[in-house]
Amino acid sequence: MNAWVFIRFYTILVYTFMFAPIFVVLLLAFNSSQFGGFPIEGFSLHWFGELFQNDAIMRAFRTSFALGLMTALVSTVIGILASLALVRYQFPGKEWVTTFLISPVLVPETVLAVGLLIFLRWLHMPRSFALLLLGHSIIALPFVVLVVQARLVGIRKEYEEAARSLGANPVQTFFQVTFPLLMPAVFAGALFAFTISFDNITATIFWRPSGLETVPTQIFGMLRHSVSPEINALGFVMICITVGVPLLAGGLARYFSRKKV
Amino acid sequence: MGDATVGLDRRPVLLLTPAFFAIIALVVIPMAFILVYSFYENIDLAVDKVAFQFGNWKEVATDSYYHNAIWKTLRISLTVTVLAALLGYIPAYFIAMTKFRHKWLLLLLLILPFWVSFIIRTLSWIHILGNQGALNGLFVTLGLVGEPIRMMFNEFSVMLGLVHVFLPYMILNIYVSLEGIDGNLEPAARTLGAKPWQAFKEVTLPLSMPGLAAGSLLVFVLTGGSYVTPLILGGPSDFLFGNLIYDAVVTELNWPMGATLSFTLLVLLGAVVVIYSRFMGLNQLSKAFG
């Protein structure tokens, strides 16, 4: 039992290590001090006000949102189709196909970024929003495939077969049976893709056209000097979005699925 | 697909086409272009000439600056991986074995960091280790030191930041393989006379190796490809190989050199992936997302 006490204590320490720094950012967002660090001088919402009046940050937010939503759309559509093939059909070389679909994860993002940039340069095309969209989509695709595939395995084929045998045509079956059953997988994949795009900085720094900032590159640019209180406030808002939305979605999904039963 | 699919169902081929097309156009072809560009010649800022010469490769092969960067990157990646394994194994074991009613909460907390912005998690260490950070504030208040001590912008803070960011990958992978172990095995070993530690060492630890290996691979490759963390948490001499690529492409606009360095990194980290997949196969990697 002594060992178990040690294991529990160690686990608490590691969780503290993981969360204490994040908690400190959340805390400092409300610090009234002129500087981004300690000591805490008082409670203030001042820096949130500054944030919403900062045009550059607001612009970066809009860019990141648009980019994230479009990335989610592109990679989820492609990812769902590929996952359906993997889960629903038997074909030779399936294992090889799965490895190929996941392979972009194994390419270091820095290398992926430089490669795509050089390809574009060869095509005489400038950096653009479209490059960011395509690039983010390919980074998100393997994760979408993995997540969606895991969800799809749980959906039984018998439901569709039952619908067909009861006289539904293939189109009806897809929209009235398959698609509603797919929805949680679609949603999980899209959410994952959005988060990956919204958070990406490693490749984005290479791909963004000059003058275009996403939220992470904007923060990166602001960091050159020091951590400003505005960055803390921005961090607070970002954490609320990227943690709050999936939690809320997960909670709602649970609530509704319980209601049905 | 080729001949094998003739006479078979065409639907999976159709479903897979968009994904295959995207990966070939956006990953495979660009990788080929990196190799081609590494033979080009850099003339001036952002000006390069189509050529087939080995100047860039010669520079990478002979200049000790690049050799040092490679060794440093491998050393830091290995250190970060070992630290993540040491920090991560026990919590993964705890989550897998606990009878705690709210185990889902521990798992949720494990996934939560993935949703917190990478750059926020990285810069948060400035608030812990910096001159105006929590630790210095604490030390000064307690009277342990008169002046804030310098703990930031060195190799230590870079490695700490990397461990912090990549640790959840490690824990999640180890947890998944521990969770898959038959819960009766360890008690069975105990019944047969093994001490608790022996039962763990002889039964559980070997069975959890695939997860430990998958987590280690991910942490190693992710660290090896990093360049943003050293820019935020490191000093001028704390660079990884990725920083050389960043400098070549973004700062010096030397595309051929950037391509050569990128291909070098791809081969280095690719070799690690290949060695891993020879022993483990790549299936384990996808299990953590189930």
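Biologist: Quick one to start: is A:Tyr15 buried or exposed?
Modeller: A:Tyr15 is buried, because its relative accessible area is just 8%. Buried is under 20%, exposed is over 50% and partly exposed is in between, with a 1.4 Å probe and protein chains only. Bear in mind that this is a predicted model: local features need pLDDT of at least 70 and side-chain atom pairs pLDDT 80 or more, while totals for chains, interfaces and linings use all residues. Residues count from 1 along each chain as its sequence is written, chains are lettered from A and ligands numbered from 1 in the order written, and side-chain values use heavy atoms, without hydrogens or water.

Biologist: Which element holds A:Tyr15?
Modeller: Helix α1 of chain A, residues 2–28. Helices (H or I, at least four residues) and strands (E, at least two) are DSSP runs, numbered from the N terminus.

Biologist: And which residues does A:Tyr15 touch?
Modeller: Leaving out anything up to four places away in sequence, A:Tyr15 touches B:Ile95, B:Leu106, B:Leu109 and B:Leu110. A contact here is heavy atoms within 4.5 Å.

Biologist: Which backbone oxygen does the side chain of A:Tyr15 reach?
Modeller: That of B:Leu106, at 2.8 Å. It's a polar contact: N or O atoms within 3.5 Å, one able to donate a hydrogen and the other to accept it within protein, with sequence neighbours counted only if both atoms are side-chain atoms.

Biologist: Switching to helix α12 of chain B. Why does B:Ala259 count as buried?
Modeller: Because its relative accessible area is 0%. B:Ala259 sits in α12, which covers residues 255–280 of chain B.

Biologist: What does B:Ala259 touch?
Modeller: A:Ile118 from chain A, plus B:Ile34, B:Tyr37 and B:Ser38, again not counting residues up to four places away. Its C-alpha atom is 25 Å from that of B:Gly234, a residue 25 positions away along the chain.

Biologist: What about B:Thr264, buried or exposed?
Modeller: B:Thr264 is in α12 too, and it counts as buried because its relative accessibility is 11%. B:Thr264 touches B:Trp57, B:Val60, B:Ile70 and B:Phe241, with residues up to four places away left out.

Biologist: What lies 2.7 Å from a polar atom of the B:Thr264 side chain?
Modeller: The backbone oxygen of B:Thr260. As general background, an α-helix has 3.6 residues a turn, so residues three or four places apart point the same way.

Biologist: Backbone oddities next. Which non-glycine in chain A has a positive phi of about 60°?
Modeller: A:His124 does. A:His124 belongs to the loop between α5 (109–122) and α6 (129–153) of chain A, and it counts as exposed because its relative accessibility is 72%. Over in chain B, B:Leu253 also has a positive phi, near 50°, without being glycine. B:Leu253 is in the loop between α11 (241–251) and α12 and is partly exposed, given a relative accessible area of 27%.

Biologist: How far apart are the end C-alpha atoms of α3 in chain A?
Modeller: They are 48 Å apart, which agrees with the 50 Å that 34 residues (55–88) should span at 1.5 Å a residue. The expected span is 1.5 Å times one less than the number of residues. At the start of that helix, a side-chain oxygen of A:Asn54 comes within 3.1 Å of the backbone nitrogen of A:Ala56.

Biologist: Which residues make the nonpolar surface patch of about 470 Å²?
Modeller: A:Val171, A:Phe174, A:Phe175, A:Phe179 and A:Met183. Patch residues have over 30% relative accessible area and no salt bridge; like charges are joined within 9 Å, nonpolar side chains (Val, Leu, Ile, Met, Phe, Trp, Tyr) within 5 Å. A salt bridge puts a side-chain nitrogen of Lys or Arg within 4 Å of a carboxyl oxygen of Asp or Glu. A:Met183, in helix α8 (residues 170–199) of chain A, is partly exposed because its relative accessibility is 37%.

Biologist: And the chains overall: how many helices and strands are in chain A?
Modeller: Chain A has 11 helices and 0 strands, while chain B has 13 helices and 2 strands. In chain A, 53% of the 261 residues are buried; in chain B, 51% of 290 are.

Biologist: What box do the C-alpha atoms of chain B fill?
Modeller: Roughly 80 × 70 × 30 Å along the principal axes, with roughly 70 × 65 × 40 Å for chain A. Accessible surface (Shrake-Rupley, 1.4 Å probe; for residues, only the protein chains shown count as cover) is about 13,600 Å² for chain B, 68% of it on carbon and sulfur atoms.
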